[in-house]
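Hi everyone, thanks for coming. I'd like to walk you through one model today, so please have the sequence and the structure open as I talk.

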Amino acid sequence: MYMEGALSSVAADATPFYNRDSKWWILSVAKFTSKDGVAVARQFNARLNEICSKHGKSKYAAEIENVAQENGGDGPDEANAALLHGPNTDRLAAVKAKYDPDNLFRHNRNIAPA
């Protein structure tokens, strides 16, 4: 998706989505019917990330999707929240502490309450 125009005219700290200075947003979606497909999709995405990282920011939500769930946790690795929200992570954690202090909504791209 081309990111200039209205998408890039919003300030980076105005929404959780801070990567507004990128010119393109590339989204890779995979559908497969066997466990082998997971490995193939990850290999493809790793290579795509390697190529795209040479041209600017290269990490977004899909990269951290369900990482901790695969390792027995409740949601994505908390340490990766900054990959998704960048400099907005602390502000979002404060909002989370106010509106969801018990972390009820913790699945899928969680931000822990501050």
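**A walk through the model**

Let's begin on the outside, where Tyr-2, Trp-24 and Ile-26 form a nonpolar surface patch with about 380 Å² of accessible area together. Before I go on, please keep in mind that this is a predicted model. Tyr-2 sits in the segment before α1, the helix that covers 35–53. With a relative accessibility of 45%, Tyr-2 counts as partly exposed.

Now let me step back for the overall layout. How many helices and how many strands does the chain have? There are five helices and zero strands, and from the N terminus on the order of elements is α-α-α-α-α. The chain has 114 residues, and 25% of them count as buried. Its accessible surface comes to about 8,000 Å², with 58% of that belonging to carbon and sulfur atoms. As for contacts, if you take those with a separation of 6 or more, 42% are between residues 24 or more positions apart.

On to helix α1. It has 19 residues, which at 1.5 Å a residue should span 27 Å, and the end C-alpha atoms are indeed 27 Å apart, so the two values agree. Which residues of α1 are buried? They are Gly-37, Ala-41 and Cys-52. These three cover an arc of only 35° around the axis, so they lie on the same side of α1. Turn the helix to the face away from that buried side, and you find the exposed residues Lys-35, Asp-36, Ala-39 and Gln-43.

While we are on α1, let's look at charge pairs. Side chains of opposite charge can pair when their charged atoms come close. The count for this model is two salt bridges. One of them joins the side chains of Glu-50 and Arg-47, at 2.9 Å from N to O. Both Glu-50 and Arg-47 belong to helix α1 and are three residues apart, about one turn of the helix. Are they buried, or are they partly exposed? Glu-50 has a relative accessibility of 42%, so it counts as partly exposed. Arg-47 is partly exposed too, with a relative accessible area of 42%.

There is also a salt bridge between the side chains of Asp-100 and Lys-96, at 3.3 Å from N to O. Here the setting is buried, for Asp-100 and for Lys-96.

Lys-96 brings us to helix α5, residues 89–99, where Thr-89, Leu-92, Ala-93 and Lys-96 are buried. The arc they cover around the axis is only 105°, so they lie on the same side of α5. The face turned away from this buried side carries the exposed residues Asp-90 and Lys-98. And what do the buried residues of α5 pack against? Their partner is α4, which covers 81–85.

Next, let me go back to the segment before α1 and show you how two of its residues meet the helices. Pro-16 is found in that segment and is partly exposed, at 37% relative accessible area. Where does Pro-16 make contacts, once its neighbours within four places in sequence are left aside? Pro-16 touches Leu-84, His-85, Asn-88 and Leu-92. Leu-92 is one of the buried residues of α5 that I just mentioned. Pro-16 and Asn-88 are 72 residues apart along the chain, but their C-alpha atoms are separated by 6.2 Å.

Ser-28 also lies in the segment before α1. With a relative accessible area of 23%, Ser-28 counts as partly exposed. Not counting residues up to four places away in sequence, Ser-28 is in contact with Phe-44, Asn-45 and Leu-48. For a sense of distance, Ser-28 and Asn-49 are 21 residues apart in sequence, and their C-alpha atoms are 10.0 Å apart in space.

I'll finish at the other end, with a backbone detail. In the segment after α5 we meet Asn-103, which has a positive phi of about 60° although it is not a glycine. Is Asn-103 buried or exposed? Its relative accessibility is 14%, so Asn-103 counts as buried.

That's my tour. Thanks for listening, and I'm happy to take questions.

Terms used:
Residues are numbered from 1 along each chain as its sequence is written. This is a predicted model: local features need pLDDT of at least 70, side-chain atom pairs count only at pLDDT 80 or more; totals for chains, interfaces and linings use all residues. Side-chain values use heavy atoms; hydrogens and water are left out. Patches are made of residues with over 30% relative accessible area and no salt bridge: like charges are joined within 9 Å, nonpolar side chains (Val, Leu, Ile, Met, Phe, Trp, Tyr) within 5 Å. Accessible areas come from the Shrake-Rupley method with a 1.4 Å probe; for residues, only the protein chains shown count as cover. A salt bridge is a side-chain nitrogen of Lys or Arg within 4 Å of a carboxyl oxygen of Asp or Glu. Helices (H or I, at least four residues) and strands (E, at least two) are DSSP runs, numbered from the N terminus. Buried means under 20% relative accessible area, exposed over 50%, partly exposed in between (1.4 Å probe, protein chains only). Contact means heavy atoms within 4.5 Å. The expected span of a helix is 1.5 Å times one less than its number of residues. The arc is that of the directions from the helix axis to the C-beta atoms.
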